[in-house]
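Colleague: I have some questions about how the labels on this model were reached. Can we take them in turn?

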Amino acid sequence: MKGKRGAAGHEFGYAPTTIMEPPEVVLPDDQLFSRRALRLRELMVMVPALDEFLDFMGRVAQAQHQVLSGREPAWHPAPDAFDQAFAHRMPPLGFRALRRDLDWQGDLLAIVAALELHVGERQRPLLQALREADAEALQTIADDVLEQRPGSEATRGLMPLVAAALQVAWARLAAGLPRPPAQPLAEARALCPCCGSPPVASVVHNEPNRSGVRSLHCALCATEWHLERVKCSNCETGGQLLYLELDDEQGEPFLPVQAEACGACESYLKIVLRQLQGRADPVADDLASLPLDLMLAAEGVYARSGYNPLLVFGD
């Protein structure tokens, strides 16, 4: 792993100097999980040390797509449910307000059913435990996921699948909003304007309408919101950034991922560069670059500010 100081441009390219008003907030679409599953299958080959883990997470993402596209939830918000939130620039899908309203447990059971024939013997006890858990026990696990707590040793293995169901439930609602919410206010720039959750990573886009634009990607509902390049997503400092990466045997980055580490607040958030690999996905590539997190944790200088609910660390 090597680090480079970043100014207006680091080794993966320069921030655009003129931009044609990129979209401030972009809601997820109905192909979100299908694209993620495809990317995870690619990453299995690229990162053989994690192939079994990435294969399982790819199957989870495919199950998420199946449930999102094929299941009608039991609860729907009223047509005017979010008017006040839009008017006052509050997250319309605040996770604390909606955690007991959304039919995410129905999504969870549907994900478990979709995985039943596509997982190995090691994962089957997890599916069985989720089928047998009562509603209150599942809600406790969901609360741990939403509040970024590590959970107990008994429930930690169940948390990624509960998180997968929560992602489906919130992404469905976000995709169905009448319009994107406004860009978050300055004091809340690090939180999703749609649900109030933290980002999993940032992504630099390659689409024509926002090529070179950086967005933060919500860990829960997959909404994206614009943040200027070469600025810490946690404290917005711009002059003390270090870009850290994993190299292959030839000294070249083998994933389009860097840790953007800030000397001011001593935190880091991964940044995913689609200019290098067009199908790179913030959640999938974060999972595949787990060795980068482990190396930074071992150094003990920077704390991770991003949050991936599919990746649960213990105490």
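Modeller: Yes. Keep in mind that this is a predicted model. Start with residues 191-229. There the chain is 0% helix and 36% strand. The C-alpha atoms at the two ends are 17 Å apart.

Colleague: What makes residues 191-229 a unit with a name?

Modeller: The name comes from UniProt. An unreviewed entry places the feature "domain: FdhE central" at residues 191-229. Such annotations may be inferred rather than shown by experiment.

Colleague: Which other stretches does UniProt annotate, and what is in them?

Modeller: UniProt, again in an unreviewed entry, puts "domain: FdhE N-terminal" at residues 22-186. That stretch is 57% helix and 1% strand, with its end C-alpha atoms 18 Å apart. The UniProt feature "domain: FdhE C-terminal", also unreviewed, covers residues 230-311. Over residues 230-311 the chain is 21% helix and 24% strand. The end C-alpha atoms of that stretch are 26 Å apart.

Colleague: How is the chain divided by the domain assignment?

Modeller: The assignment gives domain 1 (29-78 + 87-176) and domain 2 (186-304). Their centres, taken over C-alpha atoms, are 22 Å apart.

Colleague: How do you know that domain 1 and domain 2 are in contact?

Modeller: Contact means heavy atoms within 4.5 Å. By that test, 26 residues from domain 1 and 27 residues from domain 2 take part. The area buried between domain 1 and domain 2 is about 2000 Å². Carbon and sulfur atoms give 67% of that area.

Colleague: Now the helices. Why is α7 called roughly perpendicular to α8?

Modeller: Helix α7 (residues 135-146) and α8 pack at an angle of about 75°, with their axes 9 Å apart. Angles of 65 to 115 degrees count as roughly perpendicular. The angle falls in that range, so α7 is roughly perpendicular to α8.

Colleague: Which residues of α7 and α8 make the contact, and of what classes?

Modeller: From α7 come Ile 141, Ala 142, Asp 144, Val 145 and Leu 146. From α8 come Met 159, Val 162, Ala 163, Leu 166 and Trp 170. By class, the contact of α7 with α8 has nine nonpolar residues, no polar and one charged.

Colleague: What makes α5 roughly perpendicular to α7?

Modeller: The axes of helix α5 (residues 104-115) and α7 cross at roughly 95° and come within 11 Å. The range is again 65 to 115 degrees, so α5 counts as roughly perpendicular to α7. Trp 104, Gln 105 and Leu 108 of α5 meet Ala 135, Leu 138, Gln 139 and Ala 142 of α7. Five of these residues are nonpolar, two are polar and none is charged.

Colleague: Why is α1 called oblique to α8?

Modeller: Helix α1 (residues 32-46) and helix α8 (residues 159-175) pack at about 135°, with axes 11 Å apart. Roughly antiparallel needs over 145 degrees, and roughly perpendicular ends at 115. The angle meets neither, so α1 is oblique to α8.

Colleague: What residues meet there?

Modeller: Leu 32, Phe 33 and Arg 36 in α1 meet Gln 167, Val 168 and Ala 171 in α8. The contact of α1 with α8 divides into four nonpolar, one polar and one charged residue.

Notes:
Residues are numbered from 1 along each chain as its sequence is written. This is a predicted model: local features need pLDDT of at least 70, side-chain atom pairs count only at pLDDT 80 or more; totals for chains, interfaces and linings use all residues. Side-chain values use heavy atoms; hydrogens and water are left out. Axes are lines fitted to C-alpha atoms, for helices over the stretch in contact, and angles run from 0 to 180 degrees between N-to-C directions. Helices (H or I, at least four residues) and strands (E, at least two) are DSSP runs, numbered from the N terminus. Angles under 35 degrees count as roughly parallel, over 145 as roughly antiparallel, 65 to 115 as roughly perpendicular and the rest as oblique. Ala, Val, Leu, Ile, Met, Phe, Trp, Tyr, Cys and Pro count as nonpolar, Asp, Glu, Lys and Arg as charged, and the others, Gly among them, as polar. Domain bounds come from an automatic or database domain assignment. Buried area is the accessible area (1.4 Å probe) that two parts lose on being put together, summed over both.
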